[in-house]
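Welcome, and please open your viewer. We will walk from stop to stop, selecting a few residues at a time and looking at what is there.

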Amino acid sequence: MKNVPNISDAEWEVMKVLWTKAPCTANEVIEVLEDQTDWKPKTVRTLLNRLTQKKAISYSQENRVYAYYPLVSEHECVKSETDSFLKRIYGGAFKPLLVNFLKEEQFSAEDIKELKNILDEKTK
């Protein structure tokens, strides 16, 4: 897996827009996020700049318009965040996380069937 930059919660919101709609101009990202956040346009532009510096996104320029697009996939970022969480909280071991999750959550019969199918696939 390539080196995935550490992305803050706020940056994650910008990335979700780009994963869904890239390429996007800053104004397009601002427009999507204004319905979801109380951020000022300058905040979104700052986040775009940070993500560009982190090499999580890049842009193409046509005249004076910048169109931003992700350099890392959502899957890569989710995997990186999951690995980081496992290391911090469970010492990198997945089993304690799974056991905790299974004990604490309520599951429907359909959820249990799906989990069983996943586990059955893993044993083949």
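Start by selecting Thr25 and Ala67: Ala67, in strand 3, is the bridge partner of Thr25. Please keep in mind as you look that this is a predicted model. Now add Cys24 to your selection, whose bridge partner in strand 3 is Tyr68. You are looking at the place where strand 1 (residues 24-25) meets strand 3 (residues 65-70): the two run antiparallel and are joined by 2 bridges.

**The rest of the sheet**

Next, select residues 57-62, which make up strand 2. How many bridges pair strand 2 with strand 3? There are 6, and here too the pairing is antiparallel. To find some of the partners, select Gln61 and look across to Tyr66 in strand 3. Then select Ile57, which stands opposite Pro70 of strand 3.

Follow the chain from strand 2 into strand 3 and you go round a hairpin, with 2 residues between the strands. Click on Asn63 in this turn: its phi is positive, about 60 degrees.

Now show the three strands together. In what order do the 3 strands lie in the sheet? The order is 1-3-2, in an open sheet with antiparallel pairing. Strand 1 and strand 2 are the edge strands, each pairing on one side only. Add helix 1 to the view, and you will see it packing on the sheet, where it touches strand 1, strand 2 and strand 3. The direction of helix 1 makes about 95 degrees with the direction of strand 3.

**Two backbone details**

Zoom in on Pro23, in the loop between helix 1 and strand 1. What kind of peptide bond joins Ala22 and Pro23? The bond is cis, with omega at about -5 degrees.

For the second detail, move to Lys55, found in the loop between helix 3 and strand 2. Lys55 is a residue other than glycine with a positive phi, near 65 degrees.

**A charged pair**

Stay with that loop and select Lys54, together with Glu11. Side chains of opposite charge can pair when their charged atoms come close. Glu11 and Lys54 form a salt bridge, in which the closest N and O atoms are 2.7 Å apart. This pair links distant parts of the chain, since Glu11 belongs to helix 1 (residues 9-21) while Lys54 sits in the loop between helix 3 and strand 2, 43 residues apart. The structure holds 4 salt bridges, and this is one of them.

**Helix 1 against helix 3**

Keep helix 1 selected and add helix 3. Their axes come within 10 Å and cross at roughly 85 degrees, so helix 1 and helix 3 are roughly perpendicular to each other. To see where they touch, show the side chains of Ala10, Glu11, Val14, Met15 and Leu18 in helix 1, which meet Leu47, Leu48, Arg50 and Leu51 in helix 3. Sorted by class, this contact has 7 nonpolar residues, no polar ones and 2 charged ones. Glu11 may look familiar: you met it at the previous stop, paired with Lys54.

**Helix 2 against helix 3**

Swap helix 1 for helix 2 (residues 26-34) and keep helix 3 (residues 41-53) on screen. The axes of helix 2 and helix 3 come within 10 Å, and they cross at roughly 120 degrees. That angle makes helix 2 oblique to helix 3. Is the crossing left-handed or right-handed? For helix 2 and helix 3 it is right-handed.

Now pick out the residues that meet: Ala26, Asn27, Val29, Ile30 and Leu33 from helix 2, with Pro41, Val44, Arg45 and Leu48 from helix 3. By class, the contact between these helices has 7 nonpolar, 1 polar and 1 charged residues.

**Last stop: helix 4 and helix 5**

Finally, select helix 4 (residues 74-90) and helix 5 (residues 94-104), whose axes come within 9 Å and cross at roughly 85 degrees. Helix 4 and helix 5 are therefore roughly perpendicular to each other. Which residues make this contact? Show Phe85, Leu86 and Tyr90 in helix 4, then Phe94, Pro96, Leu97 and Asn100 in helix 5. By class, the contact of helix 4 with helix 5 has 6 nonpolar residues, 1 polar residue and no charged residues.

Key
Residues are numbered from 1 along each chain as its sequence is written. This is a predicted model: local features need pLDDT of at least 70, side-chain atom pairs count only at pLDDT 80 or more; totals for chains, interfaces and linings use all residues. Side-chain values use heavy atoms; hydrogens and water are left out. Two strands pair if DSSP finds at least two bridges between them. Helices (H or I, at least four residues) and strands (E, at least two) are DSSP runs, numbered from the N terminus. Axes are lines fitted to C-alpha atoms, for helices over the stretch in contact, and angles run from 0 to 180 degrees between N-to-C directions. Angles under 35 degrees count as roughly parallel, over 145 as roughly antiparallel, 65 to 115 as roughly perpendicular and the rest as oblique. A crossing is left-handed if the near helix is turned anticlockwise from the far one by less than a right angle, and right-handed if clockwise. Contact means heavy atoms within 4.5 Å. Ala, Val, Leu, Ile, Met, Phe, Trp, Tyr, Cys and Pro count as nonpolar, Asp, Glu, Lys and Arg as charged, and the others, Gly among them, as polar. A salt bridge is a side-chain nitrogen of Lys or Arg within 4 Å of a carboxyl oxygen of Asp or Glu.
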